[in-house]
Amino acid sequence: MIRCGKCHVENLDTNRFCSDCGEPLFKDSSNEDTTIMQLLNMTVHTKTNKSARLWLQDTQGDGHIERAYDLSDEEVIIGRKSDASIVLLGNTVSRSHAKITHENGQYIITDLGSTNGTMLNGELLVGSEVLSDRDTIGIGIYQLLFRQ
């Protein structure tokens, strides 16, 4: 098990990010280089004041976090186009599939007319919806978890 340096939650050895707070996990906390990286990581997060993330979950295995995306821009486009903010490859994902905007302290998800639709908490998203902590977003074969 790997203990998160930020929230101190125990995580599986295979996790690269904390399952509770989304922080990157470091396997050997006694290593001086690891400690330096943790301090640098804390400094980066403090300076950018990131308040929300999307966690890409492994839907084929045990559901561990594959990758975390910071939602630090006013608008984040999710799709398979190479210039999307979050690129998800595969024929079940539209080029510009969905967007998340940050307005008045809220994160809002909108489907961009995608072929297969966007799922929010297991239901087809119609129009736009305000995201809440731990909402699940389904885009094609991908499962994303919103954390704020």
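Here are three short exercises on this predicted model, each with a worked solution.

**Exercise 1.** Find which strands pair with E3, and in which sense.

*Solution.* Start on one side of E3: five bridges link E3 to strand E4 (residues 65-70), and the two run antiparallel. As a check on the register, look at leucine 54, whose bridge partner in E4 is tyrosine 69. Now turn to strand E13 (residues 142-147), which pairs with E3 over five bridges, again in the antiparallel sense. Here arginine 53 stands opposite arginine 147 of E13.

**Exercise 2.** Decide why E3 is largely enclosed by the rest of the structure, then follow Leu54 into the nonpolar core.

*Solution.* Take burial to mean under 20% relative accessible area. Four of the five residues of E3 (residues 53-57) are buried, so the strand is largely enclosed by the rest of the structure. Next, the largest nonpolar core has 21 residues, and Leu54 is among those with the most contacts inside it, as are Leu71, Ile100 and Leu131. Elements giving two or more residues to this core include E3, strand E7 (98-103) and E13. Finally, list the neighbours of isoleucine 100, leaving out residues up to four places away in sequence: among them are Leu54, Leu71, Ile109, Leu131 and Ile137.

**Exercise 3.** Work out where you should be careful with the coordinates.

*Solution.* Begin with the whole chain: the average pLDDT is 84, and 82% of the residues score at least 70. Then look for weak stretches. Over residues 29-33 pLDDT stays under 50, and the model has two contacts for them beyond four places in sequence. Residues 43-49 also stay under 50, with five such contacts. Where pLDDT is low, predicted coordinates should not be read in detail.

Technical notes:
Residues are numbered from 1 along each chain as its sequence is written. This is a predicted model: local features need pLDDT of at least 70, side-chain atom pairs count only at pLDDT 80 or more; totals for chains, interfaces and linings use all residues. Side-chain values use heavy atoms; hydrogens and water are left out. Buried means under 20% relative accessible area, exposed over 50%, partly exposed in between (1.4 Å probe, protein chains only). Two strands pair if DSSP finds at least two bridges between them. A nonpolar core is a set of buried Ala, Val, Leu, Ile, Met, Phe, Trp, Tyr and Cys residues joined through side-chain atoms within 4.5 Å. Contact means heavy atoms within 4.5 Å. pLDDT is the predictor's confidence in each residue, from 0 to 100.
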